[in-house]
Amino acid sequence: MTMRTPATGRPERTGLSSGLGWIGRALLLIVLVTSVVMLCAPRAQGQDAAVSPPGTNPELDAQVRKLSAELRCPVCQGLSLADSPSELSQEMKSVVRAQLAAGKSPDEVKAYFVGRYGEWILLEPKARGWNVLVYALPLLLVLAGLAGVFFLARRWTLAGAGSRE
Amino acid sequence: MNWKRASIAAAAGVPLIALLGFGLTRDPKVIPSPLPGREAPDFALRVFAPGDTASAPDATTASALADTIRLAALRGEVVVLNFWASWCAGCGVEHQALVSVARRYEGQGVRFVGVLYNDTLEPALRWIRRMGGQNYPSLQDDGSRTAIDYGLYGVPETFIIGPDGRVAYKHAGPVTEQLLIEKIEALRSAGTAPAAGS
């Protein structure tokens with residue numbers, strides 16, 4: 001493809017409809033029909049398989065991507081399954097895909113991995129028990145810092161006002 | 001005034017330093033397994049190396065085998081499940097310990113089973129020959145499904161499963177003869193799984 005079709009394709013289109021003979025139109029029809037058949041063929045095969053391969057089911061792909069971004073790669077340091085190129089992560093992603101395709105809910109798939117790897121496998125720990133600290137402590141520290149700034153600033157302004165008077 | 005400031009700084013800094021120091025004592029690569037105490041995930045895997053004797057290399061050719069081993073069929077026995085690979089350095093370190101403890105408990109209700117992790121059969125069979133043979137069967141785990149079922153994050157990893165079918169103990173890294181015998185004896189004397197190890 002050396003020439004790109006311009007965005008407004010009107011000159012080409014009039015050329016096609018008027019300039020092509022019946023042979024051209026027949027060829028165009030054949031190309032269209034075969035390409036449609038070829039596009040549909042792998043999808044039809046994919047329906048027979050237990051799990052459709054990546055790229056054939058956009059909805060499942062999106063679910064797998066979302067879920068594997070929430071699960072931790074066991075052989076990496078702080079990477080999700082989605083971000084890891086390791087072989088174990090690839091296999092784990094295909095487990096995620098197979099279980100989702102088998103009708104499990106995302107929470108059930110997560111529960112499976114938690115049962116095997118512990119809560120360690122969740123990139124976001126559940127806000128429960130000691131884990132609450134992870135969520136609460138930063139907030140508390142920010143509030144304490146703001147309070148400290150407030151009191152210091154007040155003391156300084158009071159002291160400044162006092163020295164000027 | 002100075003003392004007051006110093007004590008405030010200490011009150012804020014010491015716990016933080018203690019927390020960071022505690023972090024240094026922990027290995028971030030270790031994943032605590034929830035499996036000990038729970039039922040061992042079942043599997044039915046193809047045997048690729050029967051491992052009967054070290055002296056018959058013909059028996060370890062892939063064509064001679066089509067047998068599978070199912071974990072549920074080993075209920076009532078102590079099962080030592082060892083995940084290994086030919087590319088794994090620690091597996092060579094622990095191999096002799098596994099082989100000699102397997103020989104020690106032969107015919108006494110203790111079954112050793114190897115599962116190949118993330119490897120192909122040719123180098124795996126070559127590895128077994130180079131190590132002087134394996135006196136217990138090794139299974140192939142396509143797609144690492146069984147490895148993921150056991151929460152594997154590296155090789156070698158060894159699971160000791162009690163006669164009740166529960167995981168009694170999990171060990172990441174090379175095992176020693178002493179450790180294996182200790183855990184097996186505890187299971188044999190108790191008859192049930194002891195309190196879970198790490």
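Helices and strands are taken here as DSSP runs, of at least four residues for helices (H or I) and at least two for strands (E), and they are numbered from the N terminus. On this basis, chain B of the predicted model follows the pattern α-β-β-β-α-β-α-β-α-β-β-α along its sequence, with five helices and seven strands in total. Chain A, by comparison, has six helices and zero strands, and its elements run α-α-α-α-α-α from the N terminus on.

The two chains can also be described by their burial and by the sequence separation of their contacts. In chain A, buried residues make up 13% of the 165 residues, whereas in chain B they make up 38% of the 198 residues. Among contacts between residues at least 6 apart in sequence, 39% in chain A join residues at least 24 apart; for chain B, the share of such contacts accounted for by residues 24 or more positions apart is 79%. Between the chains, 15 residues of chain B are in contact with 14 residues of chain A. The side of chain B that touches chain A has, by class, seven nonpolar, six polar and two charged residues.

The strands of chain B form an open sheet of seven strands in the order β2-β1-β5-β4-β3-β6-β7, with mixed pairing. Its edge strands are β2 (68-70) and β7, each of which pairs on one side only, and neighbouring strands of the sheet are turned by 30° against each other on average when direction is ignored. Towards the β2 edge, strand β1 (residues 44-49) of chain B is joined to β2(B) by three bridges, and the two run antiparallel; within this pair, B:Leu45 stands opposite B:Ile69. Strand β1(B) also pairs in the antiparallel sense with strand β5 (residues 138-140) of chain B, over three bridges, and here B:Arg46 stands opposite B:Gln140.

At the other edge, five bridges join strand β6 (residues 157-161) of chain B to β7(B), and these strands likewise run antiparallel. In this pair B:Phe159 stands opposite B:Lys170, and B:Glu157 stands opposite B:Ala172. The hairpin of β6(B) and β7(B) has five residues between the strands, and in this hairpin B:Gly165 takes a positive phi near 85°. Although β7 of chain B is an edge strand, six of the six residues of β7(B) (residues 167-172) are buried, so the strand is largely enclosed by the rest of the structure.

The largest nonpolar core comprises 61 residues, of which B:Val115, B:Leu116, B:Tyr117, B:Ile160 and B:Ile161 touch the most other members. Strand β3 (residues 78-84) of chain B gives the most to this core, with six residues. Leaving aside neighbours within four places in sequence, B:Leu116 is in contact with B:Phe48, B:Trp84, B:Ala85, B:Ala124, B:Ser138, B:Leu139, B:Gln140 and B:Asp141. B:Val79 lies in strand β3 of chain B and has 24 other C-beta atoms within 10 Å; because 20 or more suffice for the buried class, B:Val79 counts as buried. With the same exclusion of neighbours within four places, the contacts of B:Val79 are with B:Leu71, B:Leu74, B:Arg111, B:Val113 and B:Ile161. By contrast, the C-alpha atoms of B:Val79 and B:Val14, which are 65 residues apart along the chain, are separated by 48 Å.

Several loops of chain B carry backbone features of note. The peptide bond from B:Val155 to B:Pro156 is cis, with omega near -5°, and B:Pro156 lies in the loop between α4 (145-149) and β6 of chain B. Positive phi values are found in two residues other than glycine, B:Asn118, with phi near 50°, and B:Ser144, with phi of about 55°. B:Asn118 lies in the loop between β4 (110-116) and α3 (121-130) of chain B and counts as partly exposed, with 18 C-beta neighbours inside 10 Å. B:Ser144 lies in the loop between β5 and α4 of chain B and, with 22 other C-beta atoms within 10 Å, is buried.

Key
Residues are numbered from 1 along each chain as its sequence is written. Chains are lettered from A and ligands numbered from 1 in the order in which they are written. This is a predicted model: local features need pLDDT of at least 70, side-chain atom pairs count only at pLDDT 80 or more; totals for chains, interfaces and linings use all residues. Two residues are in contact if their C-beta atoms, placed from the backbone, lie within 7 Å. Ala, Val, Leu, Ile, Met, Phe, Trp, Tyr, Cys and Pro count as nonpolar, Asp, Glu, Lys and Arg as charged, and the others, Gly among them, as polar. A residue is buried if 20 or more other C-beta atoms lie within 10 Å of its own, exposed if 12 or fewer, and partly exposed in between; C-beta atoms are placed from the backbone. Two strands pair if DSSP finds at least two bridges between them. Axes are lines fitted to C-alpha atoms, for helices over the stretch in contact, and angles run from 0 to 180 degrees between N-to-C directions. A nonpolar core is a set of buried Ala, Val, Leu, Ile, Met, Phe, Trp, Tyr and Cys residues joined through C-beta atoms within 7 Å.
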